[in-house]
Amino acid sequence: MDVDLSTDLDAFLPLVAPLPIEYLTRNRGGATWLVAVSGAQGASSVILTTRLPVITTGGFSGGDPAMTVDRLRDLLSSGALGYVMTGGGRGGPDGGGSQVTEWVRANCAAIPAAEYGSTTGRPLYRCG
């Protein structure tokens, strides 16, 4: 399949499921980062598809304590990040640190899966 991502992103979106790329790009606003995900594997397909920056909360494998609550709060309060998708990392159920995941669950709004078309069961949170 030949796809020119600079002009035909819609043709490529179904190939990078399960992340809600269309929802995130439509609702990104002025954020620097499209979304925070648990590890590099999930981030890489989104970056290659959208050419937009994605940050990981769990480093390369999803199990590293790469993100702290303070760092996440700074990214959110500055408007550099607005969405976090939890789970999916190899490092445990939270993919990057239970304190970060607990903070996201307590302080961000869970988006109903039907709103962003989830089929993965991985929660998406609006934090900005």
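In the predicted model, helix 4 and helix 5 meet through Val69, Leu72, Arg73 and Leu76 on the side of helix 4 and through Gln99, Val100, Trp103 and Val104 on the side of helix 5. By character, the residues of this contact divide into six nonpolar, one polar and one charged. Two packed helices are described by the angle between their axes and the distance between the axes. For helix 4 and helix 5 the angle is about 40°, and the axes lie 9 Å apart. Helix 4 is therefore oblique to helix 5, since an angle of this kind falls neither under 35 degrees, where helices would count as roughly parallel, nor in the range of 65 to 115 degrees that counts as roughly perpendicular.

The two helices also contribute to the largest nonpolar core of the chain, which has 16 residues and in which Leu72, Leu81, Val84, Trp103, Val104 and Cys127 are the residues with the most contacts. Helix 4, spanning residues 69-77, and helix 5, spanning residues 98-107, each supply at least two residues of this core, and the largest share, four residues, comes from helix 4. Tryptophan 103 belongs both to the core and to the contact between the helices. When residues up to four places away in sequence are not counted, Trp103 touches Val69, Leu72, Arg73 and Leu76, and also Cys108.

Apart from this core lies another, of 15 residues, which includes Tyr23, Val35, Val37 and Val54. Tyrosine 23 is placed in helix 2, which covers residues 21-27, and has a relative accessibility of 5%; because buried means under 20% relative accessible area, Tyr23 counts as buried. Leaving aside residues up to four places away in sequence, the contacts of Tyr23 are with Tyr83, Ile111, Glu115, Tyr116, Leu124 and Arg126. Tyrosine 23 is separated from glycine 117 by 94 residues in sequence, whereas the distance between their C-alpha atoms is 8.2 Å.

Valine 54, another member of the 15-residue core, is located in the loop between helix 3 (40-50) and strand 2 (55-56). With a relative accessible area of 8%, this valine is buried, and beyond residues up to four places away in sequence Val54 touches Trp33, Leu34, Val35, Val37, Ala43, Val46 and Ile47. Of these contacts, Val35 and Val37 are themselves named among the residues of the core. From valine 54 to glycine 39 the separation is 15 residues in sequence and 9.9 Å in space, taken from C-alpha to C-alpha.

The loop between helix 3 and strand 2 also holds arginine 51. In contrast to the buried Val54, Arg51 is exposed, its relative accessible area being 58%. The backbone of arginine 51 has a positive phi of about 60°, although the residue is not a glycine.

Over the whole chain, six helices and five strands are found, and from the N terminus on they follow the order α-α-β-α-β-α-β-α-β-α-β. The chain has 128 residues, of which 43% count as buried. Among the contacts with a separation of 6 or more, 56% are accounted for by residues 24 or more positions apart. The accessible surface of the chain comes to about 6700 Å², and 51% of this area belongs to carbon and sulfur atoms.

How values were computed. Residues are numbered from 1 along each chain as its sequence is written. This is a predicted model: local features need pLDDT of at least 70, side-chain atom pairs count only at pLDDT 80 or more; totals for chains, interfaces and linings use all residues. Side-chain values use heavy atoms; hydrogens and water are left out. A nonpolar core is a set of buried Ala, Val, Leu, Ile, Met, Phe, Trp, Tyr and Cys residues joined through side-chain atoms within 4.5 Å. Buried means under 20% relative accessible area, exposed over 50%, partly exposed in between (1.4 Å probe, protein chains only). Contact means heavy atoms within 4.5 Å. Accessible areas come from the Shrake-Rupley method with a 1.4 Å probe; for residues, only the protein chains shown count as cover. Axes are lines fitted to C-alpha atoms, for helices over the stretch in contact, and angles run from 0 to 180 degrees between N-to-C directions. Angles under 35 degrees count as roughly parallel, over 145 as roughly antiparallel, 65 to 115 as roughly perpendicular and the rest as oblique. Ala, Val, Leu, Ile, Met, Phe, Trp, Tyr, Cys and Pro count as nonpolar, Asp, Glu, Lys and Arg as charged, and the others, Gly among them, as polar.
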